[in-house]
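Work through the exercises below with the model open. Each task is followed by its solution.

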Amino acid sequence: MFITFEGIDFCGKSTQVELLQNYLINKGKKVLLIREPGGTEISEKIRTILLDKKNYKMSIESEILLFSASRAQLVREKIRPFLDDGYYVISDRFHDSTTAYQGYGRGIPIESVMNINKVAIDNTVPDITFFIDIPVSVSVNRKNLKHPNELDRIEISKDHFYEKVRSGYLQIALQEKRFRVIDGTLNIAEIHNIITSELILFEKKELV
Ligand code: TMP
């Protein structure tokens, strides 16, 4: 089963990814946890280029192609072989991030984004996607707790960019049945319980 997590920066998804990983391991499942961009030697090198603040000259077209190159490698080198081997693959971000950030956020036409996504992932589409939704104001408050030096090239983006990314995600959620929108302002345990309940429900439906 292929599970992805999405959301704007500082939504708390990485915490939930780890909780879900532990939950599945405790149930005796084989789990591969990955994060995007990254997850293979080549993809991690691309991540460094993408998030380096020194690369402020990067065009939005280079940006989308680099995210997608990182993903194309990850899909073929890790995700597909592990899924074939019966693993639960959990990814902290996947192609919906590209649609939300580079499409809705940066303004690359959605049709072009879809085509690029198709090349990168082909038929490796997640079974279920948890979108941890928080208002941009909550993200900004959490961001302000960090030292500016800790923020990467994307995280230093302005609030109005994040408003576009968030509404982009909500748009995708309306179109994609695999999306589960979760209120990210709930506490950590509540969110985790919603996620595991949704997963149980999904697996029951799959068995029918
Ligand atoms: P992370 O902070 O969740 O590790 O993600 C890295 C940053 O890259 C985050 O600000 C979201 C951004 N991003 C995109 O803009 N497009 C993408 O396709 C992905 C995977 C991430």
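Two exercises follow, one on the overall fold and one on a single residue.

This is a predicted model, in which local features need pLDDT of at least 70, side-chain atom pairs count only at pLDDT 80 or more, and totals for chains, interfaces and linings use all residues. Residues are numbered from 1 along each chain as its sequence is written, and side-chain values use heavy atoms, with hydrogens and water left out.

**Exercise 1.** Describe the secondary structure and the overall dimensions of the protein.

Step 1. Count the elements: there are 8 helices and 5 strands (DSSP runs, H or I of at least four residues for helices, E of at least two for strands, numbered from the N terminus). Their order along the sequence is β-α-β-α-α-β-α-α-β-α-α-β-α.

Step 2. Compare the radius of gyration, taken over C-alpha atoms, with the globule rule, 2.2 Å times the number of residues to the power 0.38. The value is 16 Å, close to the 17 Å that the rule gives for 208 residues, so the protein is as compact as a globular protein of that length.

Step 3. Take the extents: the C-alpha trace spans about 50 × 35 × 30 Å along its principal axes.

**Exercise 2.** Locate Pro81 and describe its surroundings.

Step 1. Pro81 belongs to helix 3, residues 60–84.

Step 2. Its relative accessible area is 36%, which makes Pro81 partly exposed (between buried, under 20%, and exposed, over 50%; 1.4 Å probe, protein chains only).

Step 3. Beyond the neighbours within four places in sequence, Pro81 contacts Val75 and Arg76 (heavy atoms within 4.5 Å).

Step 4. Ile49 is 32 residues from Pro81 in sequence, and their C-alpha atoms are 26 Å apart.
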